[in-house]
Structures are given as structure tokens and as C-alpha cells.
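Reader: I am a first-year student and would be grateful for a close look at a single part of this structure. Please explain how the part is built and where it meets its surroundings.

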2 protein chains.
Amino acid sequence: MNPVDAVRSRSGLVVGVDFGTLSGRAVVVRVADGAELGSATHPYRHGVLDRALPDGTPLGPDWALQVPADYVDVLRTAVPAAIDAAGVDPVRVIAIGTDFTACTMVPTTADGTPLNELEGFASDPHAYVKLWKHHAAQPQADRINALAAKRGEPWLARYGGLISSEWEFAKGLQLLEESPATYRATEHWVEAADWIVWQLCGRYVRNACTAGYKGIYQDDTYPTRDFLAELDPGFAGFVDDKLRPVTGRLGAAAGRLTEEAAAWTGLPAGIVVAVGNVDAHVTAPAARATEPGQMLAIMGTSTCHIMNGEALREVPGMCGVVDGGITPGLWGYEAGQSGVGDILDWFVTNGVPGSYADEAAARGLDLHDLLSEKAATQAVGEHGLLALDWHSGNRSVLVDHELSGLLVGATLTTRPEDVYRALVEATAFGTRTIVEAFDGAGVPVREFVVAGGLLKNPLLMQIYADVLDKPISTIRSAEGPALGSAIHAAVAAGAYPDIHAAAAAMGGATQAAYRPDPARATAYDELYAEYRTLHDYFGRGTNEVMRRLRGIRRRALAGGAS
Amino acid sequence: MNPVDAVRSRSGLVVGVDFGTLSGRAVVVRVADGAELGSATHPYRHGVLDRALPDGTPLGPDWALQVPADYVDVLRTAVPAAIDAAGVDPVRVIAIGTDFTACTMVPTTADGTPLNELEGFASDPHAYVKLWKHHAAQPQADRINALAAKRGEPWLARYGGLISSEWEFAKGLQLLEESPATYRATEHWVEAADWIVWQLCGRYVRNACTAGYKGIYQDDTYPTRDFLAELDPGFAGFVDDKLRPVTGRLGAAAGRLTEEAAAWTGLPAGIVVAVGNVDAHVTAPAARATEPGQMLAIMGTSTCHIMNGEALREVPGMCGVVDGGITPGLWGYEAGQSGVGDILDWFVTNGVPGSYADEAAARGLDLHDLLSEKAATQAVGEHGLLALDWHSGNRSVLVDHELSGLLVGATLTTRPEDVYRALVEATAFGTRTIVEAFDGAGVPVREFVVAGGLLKNPLLMQIYADVLDKPISTIRSAEGPALGSAIHAAVAAGAYPDIHAAAAAMGGATQAAYRPDPARATAYDELYAEYRTLHDYFGRGTNEVMRRLRGIRRRALAGGAS
């Protein structure tokens, strides 16, 4: 696009669509300044299938499936509704961008038709979308990790030493081993992030983000045929037959909106469709956090940390590092905490007495607000508690889902707000551990930026600032992922030269919205040192009691002494 | 008494009076078989003074005082009421026995008048009774322990290496240092257990139990004048001036009921008054648990373990060993757990959601019952949790009140009944640690007998049987201490030759009321091994995080960062 076209395109609009776990959300955004003009949400008709298929076929434990047609319904409903809400003429829209949960995998035919839509497959669980939180492929992941470690596969270090059961290879191997016929019928094993783009523009383009983080695509190559054959002879052709090495860089155009998709969305046929992306990573430009050293934490049920770096480093315990995984030309790093908001939700549901619920109800607060209010006036360490935030395992930096939660220091005077605060602090200590791992590996964290639902808890945010001893910047938009997708659409349409420039114009963050208090930061140093001691004692093999308790529990549930 | 008199006395009655923390309870008992014919309770008018004196004079933190006249009121009211309830003629009563909380100290004049009843002392906190749970003498206890260890005082090992801030010397040194004039006015520093006997019979007799366990009276001697002078020159005469070395053995007669006390109680003047005793120790004959190797656990808010042994051994971490401390002629051992029922109460009050309270209310249960019911069906280890039962510190075998509670293994599926069961198990593991300390020191525990309020929880009792891998016998009487006092009265009156014989006739226990399940016992061995590893890691100096968290908390409360 020449400069004149770029200027003209900046007067236009873009649409971003964020495909979440339960619904899709579209937002209409002004290219010039990122103003959000209107938005709409459409819940998936089938939600998450974790007990049975729509026809009643039961599912095993840890399964989590979805129905691809539900995604198309978002295009049909949420996009036109967002245009309506914005009150704009759809002809002003110059591009559409999308982001998706990941790793969420669709088995398709050669033309992209999901297998579940084929005659004879409606009752086959393996013919449906395996959602990111489908956790039934752990045995396959264990074997992949063990073999990769044994063979010294060079890509393993790019994933902090372990790949996840959620990712493409583990789910694909499960498909092969549990349903060989469905595996044979699968002509493409497609990230939903790419499948939706395929529906929009008629072209299958693998986005660099999921290919790298979830597809073990590193240095323009995949795991070798030899490695795959050693896993399972039938798996030797997985890469060649089911994955396509054609990748699109983030912020590029995947193609143009088809007539069919134009009819679904009400948008003009022929507008640019951006390469797909992942909900966390796409948020970086929306928070104006794409420069090297800007760590973006998307904090909700769990927390995802993403950060660009100029050089390739092996950060112990990270989730992954991918060339161009966040923006082209930089190394995109990812780390994560498996449990953050969900630990607080668990405590509020299971560990707070009725008198607190009554007080909250009488004052029109929810329990999180009430506990935060009661805990907010405490001095650091006043509650005498210390927790480990591993109630749903530890993603970074220990990468061990056999770990569990710990609370030490309870006395007969310990109150619910004390425990709540200790749990918040534990998640902050977990974040600090990750930040220090990056700093220590030569990928320094210069700025800490937060997006996500936990932004609404100011006590939590202040504790993070104090524990990290860093100012915390906060995303300006309440529509982080959808805005990020819209920014990618603007770049793909040529309105900006790259994602960084688009982020500067369209994204935004409140700089240093929370500043550390020096005295509290010093006080937290002392508690953090205690956290790290327990972290290493329980998490690095000195005392594997957590792992053994899980084993004892499994044996007991399987029919031990009662 | 000759055999004829003994036979005649067995047709008589005895009265036992148990002076607890909040009330006194009298029971009328048949000498022949221990049948309890009637009982009555009288609450202390002033209860526990822990915020202010009756005239409003404020008290410092950790203070806990009582008013001696409240004890006399129990004699005036509860004793006649018990006689009435029994519907018996008081002339049939041949003796009265009493037991008391300890170490509970009364400062008196030479004739036993409590100082608070003297002109000019009503507003002086130091003129009142320092109740067992007065915990403001910790600095004095620390100095006594440090000096005794430095000097290698021979008595220190008799107390597991540490004496308590609750005991006679620490409280006496606090009195001297904080109120020298009151110390000078104190002509006797009297255990309430002996003061009440003094009121009954007009004679001051130091019972062997408190003299030994609380008064550092060992091998017919007290700590030396030299030792006391090194603590504080003004304290040199503490033993000679304030304590009297005249002790009475348990089960002996201290004297005869005075006319005045006969008028209070409605009992015949001249009947035998037994030497005083402590509530826990006096319970042993009521539970028929006075033989060597019979460990009696009085389980309530906290647990006290007492056991006779034939030889003197130094058991690491015991509370004390006293010659004749439970029954004359045997070495009486004592150990304890600072928190048991109170940990469960704390959890039920602070950690169980309203939905459970609603269910319990709808079904007419209390929350302990409901949680026990929900936890009862679990297999051992099914909850995946492990706790340390140190929420109010550890009395035995670590003797460290800076320790605190711990819970490991929590996940997002952990429910309140899981935590409840883990806490019950932790207290059982704590008991097993004590039992093993006695076994390992050459004082084997042959039988485990339980008295106290926790008897009413069958899940808890069964878990103890499984964790200890021992049958558990349970006291028959619901009035353990008062019955024990009555048994001591019968012995003092000569109705039985000794406490053992009286216990055989008047006490009782259900043998092996709970039997261990072999499979569960084996399963608990595995969890107990994990408990011991954490016990030693947190409790024996490898990681003193609990101590540091307490220190941080104290600093924070004193005005640290907020």
C-alpha cells in the first residue's frame, strides 16, 4: 500500500473478533485511534462438551470438545450486531482480524470441512474440536517428553524442557492411537485460530503464533519423521500429512473476505482478512506492550505472560519462545501461572463462612470485594501466613502439575481475609519468580503491563506492584483481545507499517497505574525469600510430598482402604 | 482405718468437686461402685478476667486472672445442689476431694487470705489469681530456661528441657519484677488446687502433683537459692519465703472439714478432705488408667497425656515427670498437645461456607457432625491433604509455641470436609509422635485410654485408633475429673488401700471401644511418615519459617509497613 492509501485506510474501520472458551465477541474499531465504536457477544450454542456429545454419546474424564459450526455462528451474529451497535456503515470496514483460544484443534477434510459434519462421524468424539482444556492426552505428552529428552531433541529447550498435553502433537497422537480411522480421515489437523480464518478468506494459513508455541515449529522445521516414527510407527507422517508448513506471519493478510463470509458478516467482500492469532498474544498491541522487555500479563482464571525479546535465550521453565510469535522480527516469549483467579474463586466458594457472605450481601458487595476490603488495611506480614499458589499445579517455572497448594502460619486467630490476602500474595510471588527467571536468563523485564479480569481488584494490583517492586501499567481497553485482533487487521490492511506502529496509535495503557511503596516492597522481599525457600523445597525435589500425596489420593480413589 | 471401718466406709458416699476454667462442678458418688448419684455446676461470677479487673482497671495482653471468692461460691452452691440432686442424706458423705486447673496461682497472706481481698489491693492486678492461661510471663520463663540450661540445672531434663511460662516460678518472677510491693505482701504463693483444700480443712498442704509438675519440686528439693539469686537478687528467697516444701501425697488426707466449710457445703464437719489435685491427673483413676503403661489422653480443646511408669526416664519433649505425680509410688509422666478441639473449632468457625451451615441447620446437626459425616466415607488419603496441628503451637514433643499450622496438598477440588479430616488426622499424628517418644525412651505405652469432650466424635476416635494402630479404650463416666476427685476422697478416707484399688472399684472404661482397621492403619503409616518429615523440617530447625513469620507478624502489628 502506498502512503496515500495508508492515509485513506486510517479513516476507515476494522473489526476484531475474539473467540473465547464460551463465546465469541466482535468489536468495531476506528483505525485512526483505536476507538471502540461498538461490540457484541454471541455464546456458543453447544458451549464446552465435557460430558457428552450433542447426540448423547458420553465422553471420558478430562475431555473437552467444541462444535465448529458454533464459531461460524459468531461471524453470522456478533459481527453484524457489533456493526449495528457502532451505528456505522459496514462499507467503511477495511479489514477483519481474529484471535482464538489455543491449542484448540479441528480435524478437517482437505477443503476444511470439520469431520463431525461428515456423514457417519456425528457420534465420534474424535471428530469434534479438541478444546485447549481437553486434558485427556497426558499419557501421549509424557511419552513425547520422555522420548524428546532421551534423544536430545533440539526443540525441547524452546519449551522450557516440556511440551504440554494441550498441544498439537499430544492431541494428534491421542487421535491416532484411540481412533485410527478418524486419524486417517483427518486430512488437516487445524488450529481453530486458522480454521476460522480459512472460513473467512477461503485459504488455510498457519499463523506463526500457534505453529510455534503449540505446533513445535522452530527454525522453519518440525520434529523429524524419525522422532515421530519412534513415538508410533503410524505417527511418522503426522507433520507431512496433517500439518502444513505454510505459515503466515502475524499482522499479515491471509487473504480476502469471500462472498460467503461477506454474506455471513454483512461486511464488504474482498476486504483484508488478517492471519489468525492467540487471545493472549494478540492482546500485546492493544496494551501497547510489544517492545522488547515489556512483559504483558493477561491475568484472569490463570495468568499468561508474554514478552518480546531481541535475542533467543533459553529461559528455564518458560512455556515457549517463538521467532515472531508475538510480532514479526522479535523473539516472543511465553510463560504462565496455571492458577490465579481460580485459586481465589476456590477459596471464596469453599473457605469463607456464611457470616461473611451475609455481610457482603447486606452491603451489595461480592465476597472478593469484601475480603479485599478487609485485607487491604493490613501491614505486610501482619497475617503471619505464607502460601504456595500451586492449587492447579505450576506452569512456570517448575512445569509440574502434580504440585499442590500450601498454607503455612495458620493460628487460631487466622481469619478468612488473612488467607485471602496470603493467596493473592502467593500468586504475586509466583509472578515474581517468573520475572526473575527472565531477568536471570538475559531477557530482562523492563516494564510490567497487566490486562485481564483481575485488573478490577485494586488490592491485588497494588500487592503485585509491591511484590515485584515495579510500577504496573494497565491496559486501557476493556476489550483487549478483540482490540488486538482489530489492530492486526489494520496492519494487515496496510494502515500501519507494522504492529508496533499500530499499537502506538490504536492501543493504550495507563503508565504506572500502580506504584510500589518502598517500605512494603522491602517487607515483601523478606516474605518472598521465604516463598522461594518453600518453592524450591517442595517444587524442586527436596521433598516430593505433593507428588506423593497425589499418588496416594489416586490409589485411594481407585479403591484403597476406606 | 481398720478393715471393719473400711467396709463400713464403702457403704458411704464421697463428693468430688472439679474446678474448671469457667465453673466448678460437684458430683456425689457411691464409694462401693463409683455410681454417680447427682451433680451440679456453678459458673464463676467473674469468669476469666482478661481485659479488666472488676473495678475497671485494664489488663495487659495475655493476662488472665480470677477471683478466689468465686471458688468458695462453688462450695456454697454446687455441693449442696449436687446432694439435693442425688436425693441423699449428707450425713452419709465420708469425704470430699477436689481438683483444679493448674498452674493457677493465688497470692495470699500467712493465713491464706487472697491479697485482692485486702484493703488497698482491689485495683492491683497482681493481687488476683493468675489463671493457668495467663501468658504474660513468657520473658521470665525464657530467662529461667536460658539460665537453667547455662548452669546445667539437673531438674531441667525432668521437664523435657523447658519449663513453661504458665508455671509457678515464671509467674512468681513476673510478680516480683512488675509489682515488688505485692510480691513482698505475698506470704504464700499458693496453687489454687491447694488453696481450696486450705479453705475446706484449714491446713495448707502442697499436693505432690502441682508441686512436681508446676513447682519444680524434684527429689525433695527445689531450685537452689543460688540459681534464684542469679535470676534476680530479689528472687533468692522465693522458695524459702513463698513456697513451702511440705507436700501431701495424692490420695492422702489433708485434714478434716472445718465447721465453716461444713456450713458452706452442708456436709458433716470433720469428714476427710483429700489432698488437692489437677483436673487431668485426677481423671486417671476415673478411667481406671493408673497402671504403668496405661496412657490416658484427656482430649478437649487441647489434649493432656498422663501415664504412670515404673522407672524414671527422660522422655524428650514431655511436659514433666514427677515421683508420685499421678499416684504414689510410681513416676507420673505428662505430655500434651496445645491444640486439638480448638483447631477444629477454629476451622468450623472460620473456614466452612454458609451452604454447609445451612445443611447442618436443616438436618439438626452441628457443623462438626456434618463435616465428620461427609469425611467419614473417605478412604485414607483420598483428600490428598496433609496438615501440621500446630495452630496454637506444639507442647510435646517440640515444646515450641512459635510454631503454627500448615496445610499441604490443596487443589481446586478440595472441600471443607477434606480439610476437616486432614486436621483431625494431624492431631492424631501429633498423638502418635508423643506415643512413639515414650516408647522410644523406654516408657512403653501399652494401652491408650481416652477421656474428655472429643469422645463424642466417633470419626475422630476411629481415626486415632487407625493412626495409632492401637485399640482405644474410653472412659465410662461423663464426669471424669469430679469422679476422680471423689475416688481420691474415698482413698483419703481409707475406704480403699490405694488409688489403684479404688480405681478398680469406682472407675471404669470401655475396653477397646475403637479397634484399628489393619488396611487403614497401613495406609496411615505412609501419611504419618510424610507428617514426620514435615514435622522435623518445620519443627526442628531445618526451616524456621514459622518462627520468622511470627516475628514478622509481631513487627508488622507493632507498626511495620502498611
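Author: The answer below treats one helix of chain B in detail and then turns briefly to chain A for comparison of topics. Please note that this is a predicted model.

The part chosen is helix α3 of chain B, which covers residues 138–151. This helix has 14 residues, and the distance from its first C-alpha to its last is 20 Å, close to the 20 Å expected at 1.5 Å a residue. Several of its residues are buried, namely Gln140(B), Ala141(B), Ile144(B), Asn145(B), Leu147(B) and Ala148(B). An α-helix has 3.6 residues a turn, so residues three or four places apart point the same way. The cover over the buried residues of α3(B) includes two helices of chain B, α4 (168–178) and α8 (225–231). After α3(B) comes Gly152(B), which has a positive phi near 65°.

Chain A offers a contact between helices. There, the axes of α14 (residues 367–376) and α15 (residues 416–440) come within 9 Å and cross at roughly 90°. Angles of 65 to 115 degrees count as roughly perpendicular, and α14(A) and α15(A) are therefore roughly perpendicular to each other. On the side of α14(A), the contact involves His368(A), Leu371(A), Ser372(A), Lys374(A), Ala375(A) and Ala376(A). From α15(A), Pro416(A), Glu417(A), Tyr420(A) and Arg421(A) take part. Sorted by class, this contact has five nonpolar, two polar and three charged residues.

Note on methods
Residues numbered from 1 in each chain as written. Chains lettered and ligands numbered in written order. Predicted model: local features only at pLDDT ≥ 70, side-chain atom pairs only at ≥ 80, totals over all residues. Heavy atoms only, no water. Axes fitted to C-alpha atoms, helices over the stretch in contact; angles between N-to-C directions. Helix = DSSP H or I, 4+ residues; strand = E, 2+ residues; numbered from the N terminus. Parallel < 35°, antiparallel > 145°, perpendicular 65-115°, else oblique. Contact = heavy atoms within 4.5 Å. Nonpolar A, V, L, I, M, F, W, Y, C, P; charged D, E, K, R; others polar. Expected span 1.5 Å × (residues − 1). Buried < 20%, exposed > 50% of the residue type's maximum accessible area, 1.4 Å probe, protein only.
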